Amino acid sequence: MTSILLAIVIGAAFGAVLDRIGATSPNWIVGMLTLRRLHLMKTILLAIGTGSILMFGGQMIGLVDVGHMSVKAAYIGVFIGGLLLGAGWAASGYCPGTGVAAAAAGRKDALFFIAGGLLGAATYMATYPAWKASGMLDDVAGGKVTLGTVPGSGYDGLTAISGDLLGIALGAVFVLVAFVLPDSLVGGGEGAEVPAE
Amino acid sequence: MTLNWKIGGLLLGTVFFAAVLLVKPIGVSTQFVILDGIIADAVNPGFITQTEEGYTSTNAYMAKSGGKYAANASNPLNYSFVFVLAMALGAFLSSRLRGGIDKLERAAPAIWRANFGDTPWKRYGVAFLGGFIVLYGARLAGGCTSGHMMSGMMQTSLSGYIFALGAFAAAIPTAMLMYKRG
């Protein structure tokens with residue numbers, strides 16, 4: 001029961017924050033991906049950096065249970081899947097989480113995104129044996145690995161560097177990049193500027 | 001209306017941290033598979049079956065890793081599935097509190113209208129196709145923007161970086177080609 005309560009509290013907070021940072025709006029997503037409005041990119045970079053510093057810092061002082069880490073495997077399909085997701089993300093302006101949140105926020109086109117997503121996931125379920133047989137789901141570079149070695153995590157490190165310190169250092173890099181990244185990398189498109197809602 | 005990136009980034013980072021502190025890293029795309037499993041089992045009972053050790057399915061993907069997806073689809077009242085429902089609730093409340101989204105914008109976002117005019121059905125088609133590719137890709141990759149990119153890179157996992165590289169390598173040119181205006 002506790003876990004369901006936590007799911008409700010953390011899930012609701014996540015959905016509300018996604019909505020407030022503009023992630024439920026394809027205007028902000030596409031603006032970021034065309035490099036014209038990097039506001040959301042700065043938000044995301046700062047979030048990854050903040051999360052990383054708090055998590056690894058918390059693990060070092062014993063506040064965070066290192067057993068809560070969950071590292072996904074690296075394999076060729078991660079890159080191919082990333083390419084596919086990226087293309088659909090740019091075309092629709094939604095990713096799985098923000099699509100669901102956007103539909104709940106009142107966007108009708110996001111309902112079509114979810115319907116397409118359910119069919120896409122079902123199609124993957126049907127074609128999974130072929131991917132499995134292709135070897136493209138086989139681990140590369142050790143599979144479930146972190147860049148440094150995190151003591152007690154149960155995951156191997158790609159390098160022997162202290163995973164906690166590396167995590168904090170990389171977190172700081174994400175924060176720094178968020179600050180130095182300009183608001184836009186390319187000029188506005190032709191025609192009228194789209195007001196971000 | 002949209003939060004300043006410094007406040008928004010701190011809030012979002014805190015939510016990702018709170019998830020790891022209290023339970024586990026945030027992820028969303030697996031729940032599309034769980035909902036598919038629930039639907040498939042409702043339409044075709046026997047899609048998921050209970051075994052002595054747990055659950056299994058006639059679908060190899062649902063049955064993999066000791067049938068954990070099959071088990072979750074059989075018991076939707078689990079953390080990860082409720083998390084996604086709660087995420088929708090949070091976004092709904094947030095949207096209501098800021099006054100909702102206007103009618104034109106609800107059908108097709110401004111950036112779509114700036115490039116393709118007032119063509120909601122074309123927009124729905126692209127959103128549907130986009131959703132298809134996004135979830136097919138996310139399942140092939142084993143995670144999405146939340147699980148791989150945010151939670152993954154936050155944990156310094158190699159796979160998160162590989163995923164982000166692929167996602168942006170395709171997303172940036174696609175967005176630039178499709179949306180020349182706005």
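This passage describes a predicted model with two chains, A and B, beginning with chain A and ending with the contact between the chains.

Chain A contains 7 helices and 2 strands. Read along the sequence, these elements follow the order α-α-α-α-α-α-β-β-α. The C-alpha trace of chain A extends over about 55 × 45 × 40 Å along its principal axes. Of the 197 residues in chain A, 58% are buried. Contacts in chain A between residues at least 6 apart in sequence were also examined, and 59% of them join residues at least 24 apart.

Two domains are assigned in chain A: domain 1 comprises 25-71 + 140-186, and domain 2 comprises 75-138. Their centres, taken over C-alpha atoms, are separated by 23 Å. The contact between these domains of chain A involves 5 residues from domain 1 and 5 residues from domain 2. On the side of domain 1 of chain A that touches domain 2 of chain A, there are 5 nonpolar residues, with no polar and no charged residues.

Helix H3 of chain A covers residues 39-60. This helix has 22 residues and reaches 32 Å from its first C-alpha to its last, close to the 32 Å expected at 1.5 Å a residue. H3(A) is mostly covered, with 19 of its 22 residues buried. After H3(A) comes A:Gly62, which has a positive phi near 85 degrees.

Helix H6 of chain A runs over residues 108-134. At 1.5 Å a residue, its 27 residues should span 39 Å, and this agrees with the 38 Å between its end C-alpha atoms. H6(A) nevertheless has a kink of about 55 degrees at A:Thr127, shortly before the proline A:Pro129. Residues of H6(A) that are buried include A:Asp109, A:Phe112, A:Phe113, A:Ile114, A:Tyr124 and A:Met125. Glycines also appear among the buried residues of H6(A), including A:Gly116, A:Gly117 and A:Gly120. The cover over these buried residues comes from both chains: from chain A it includes helix H4 (76-92) and helix H5 (96-105), and from chain B it includes helix H2 (30-43), helix H3 (60-74), helix H5 (103-107) and H7. Just after H6(A), A:Gly135 takes a positive phi of about 85 degrees.

Chain B is likewise divided into two domains, domain 1 (1-100) and domain 2 (103-182). The C-alpha centres of these domains of chain B lie 19 Å apart. Their contact takes 8 residues from domain 1 of chain B and 11 residues from domain 2 of chain B. By class, the side of domain 1 of chain B that touches domain 2 of chain B has 6 nonpolar and 2 polar residues, and no charged residues.

Within chain B, the 22 residues of H7 should span 32 Å at 1.5 Å a residue; the end C-alpha atoms of H7(B) are 31 Å apart, which agrees. Because 17 of these 22 residues are buried, H7(B) is largely enclosed by the rest of the structure. A positive phi of about 85 degrees is found at B:Gly142, just after H7(B).

The loop between H3 and helix H4 (79-97) of chain B contains B:Asn75. B:Asn75 counts as exposed because it has 11 C-beta neighbours inside 10 Å, and the cut-off for an exposed residue is 12 or fewer. The C-alpha atom of B:Asn75 is separated by 30 Å from that of B:Met154, which lies 79 residues away along the chain.

Between the chains, 112 residues of chain B are in contact with 115 residues of chain A. Helix H7 (residues 120-141) of chain B gives the most to the side of chain B that touches chain A, with 18 residues. That side of chain B has 75 nonpolar, 28 polar and 9 charged residues.

The largest nonpolar core has 128 residues, and the members touching the most others are A:Val17, A:Ala101, B:Val15, B:Phe16, B:Met87 and B:Ala91. H7(B) gives the most to this core, with 12 residues. Leaving aside residues up to four places away in sequence, A:Ala101 touches A:Gly15, A:Leu18, A:Asp19 and A:Thr24 in chain A, and B:Met87, B:Ala88 and B:Ala91 in chain B.

Conventions:
Residues numbered from 1 in each chain as written. Chains lettered and ligands numbered in written order. Predicted model: local features only at pLDDT ≥ 70, side-chain atom pairs only at ≥ 80, totals over all residues. Contact = placed C-beta atoms within 7 Å. Helix = DSSP H or I, 4+ residues; strand = E, 2+ residues; numbered from the N terminus. Nonpolar A, V, L, I, M, F, W, Y, C, P; charged D, E, K, R; others polar. Domains from an automatic or database assignment. Core = buried A, V, L, I, M, F, W, Y, C linked by C-beta atoms within 7 Å. Buried ≥ 20, exposed ≤ 12 C-beta atoms within 10 Å, placed from the backbone. Expected span 1.5 Å × (residues − 1). Bend = angle between axes of the 7 residues up to and from the residue.
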